[in-house]
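Thanks for coming. I will walk through one structure and stop at a few places in it. Please have a look at the display first.

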Amino acid sequence: MRLKNLTFIIILIISGELYAEESKGMCTSPPLIKHGVIISSTVDTYENGSSVEYRCFDHHFLEGSREAYCLDGMWTTPPLCLEPCTLSFTEMEKNNLLLKWDFDNRPHILHGEYIEFICRGDTYPAELYITGSILRMQCDRGQLKYPRCIPRQSTLSYQEPLRT
Ligand SMILES: *[C@@H]1O[C@H](CO)[C@@H](O)[C@H](O)[C@H]1NC(C)=O
């Protein structure tokens, strides 16, 4: 009777340790990301070394690794999904800008993509001493800077005080 109980207890301890050994390095739910989703089917616990795959929403730029791994109970860094830029015709008008290329007239400019402007009519770039690439802007995480074109007249009156 006594021996039987002891055996039972020992079995309990051993199976407990086996369970602890097995759950060592396991992970719970993987990290969620902004502007994207996990496309692998999700479970409650993940074994050491297992992975999940992410996908960004449409027109978003995936930076980093597409997959995150469960390593010793911790998830590796999931990817970032960087937002696209949208072209503002109000901003363009305000800054006397036109698109240089017709194909840039599209609803989404992806992160990292360039867009090139030209000055409207009788205007030219406000930053006089930089040439060439000044009207070429890069979409940076949903932010697009607009260069400024100014009428010839206001540039001359701005320059005059510098000469005296
Ligand atoms: C998890 O996996 C890594 C890489 O395969 C290994 O080095 C590590 O010892 C494992 N950890 C556990 C707790 O099993």
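Start at His60, where a polar side-chain atom sits 2.9 Å from the backbone oxygen of Asp58. Keep in mind that this is a predicted model. His60 belongs to the loop that connects E2 with strand E3, residues 61–63. Which residues does His60 touch, if we leave out those up to four places away in sequence? They are His35, Cys81, Leu82, Glu83 and Pro84.

From that loop, go back to E2 and the sheet. There are four strands, ordered E1-E2-E4-E5, in an open sheet with antiparallel pairing. The edges are taken by strand E1, 36–38, and strand E5, 74–75; each has a single partner strand, so one side of each has no neighbour in the sheet. Further in, strand E2, residues 51–56, pairs with strand E4, residues 67–71, through three bridges, again in the antiparallel sense. If you want one position to find on screen, take Val52, with Ala68 of E4 opposite. As a general reminder, strands of a sheet pair through backbone hydrogen bonds, in a parallel or an antiparallel way.

Next, strand E8, residues 114–119. Which side chains of E8 point to the buried face? Those of Ile115, Phe117 and Cys119 do, and these residues are buried. The side chains alternate along the strand, with Tyr114, Glu116 and Ile118 pointing to the other face, and these are not buried.

E8 has strand E7, residues 97–99, as an antiparallel partner, joined by three bridges. Here Phe117 of E8 has Leu99 opposite. E8 is also joined by three bridges to strand E10, residues 136–138, and that pair runs antiparallel as well. In this pair, Ile115 has Met137 in E10 as its bridge partner. So much for E8.

Last, the ligand. Around the ligand we find Lys24, Gly25, Asn48 and Asp72. By class, that shell holds two polar and two charged residues, and no nonpolar ones. Two polar distances can be given. An oxygen atom of the ligand lies 2.4 Å from a polar atom in the side chain of Asn48. For Asp72, a side-chain N or O atom is 2.5 Å from a nitrogen atom of the ligand. How much of the ligand's accessible area does the protein cover? On its own the ligand has 360 Å² of accessible area, and the protein covers 39% of that.

That is what I had; I am happy to go back to any of these places.

Conventions. Residues are numbered from 1 along each chain as its sequence is written. This is a predicted model: local features need pLDDT of at least 70, side-chain atom pairs count only at pLDDT 80 or more; totals for chains, interfaces and linings use all residues. Side-chain values use heavy atoms; hydrogens and water are left out. A residue is near a molecule or strand if one of its heavy atoms lies within 4 Å of it. A polar contact is a pair of N or O atoms within 3.5 Å; within protein, one must be able to donate a hydrogen and the other to accept it, and residues adjacent in sequence count only if both atoms are side-chain atoms. Accessible areas come from the Shrake-Rupley method with a 1.4 Å probe; for residues, only the protein chains shown count as cover. Ala, Val, Leu, Ile, Met, Phe, Trp, Tyr, Cys and Pro count as nonpolar, Asp, Glu, Lys and Arg as charged, and the others, Gly among them, as polar. Buried means under 20% relative accessible area, exposed over 50%, partly exposed in between (1.4 Å probe, protein chains only). Helices (H or I, at least four residues) and strands (E, at least two) are DSSP runs, numbered from the N terminus. Two strands pair if DSSP finds at least two bridges between them. Contact means heavy atoms within 4.5 Å.
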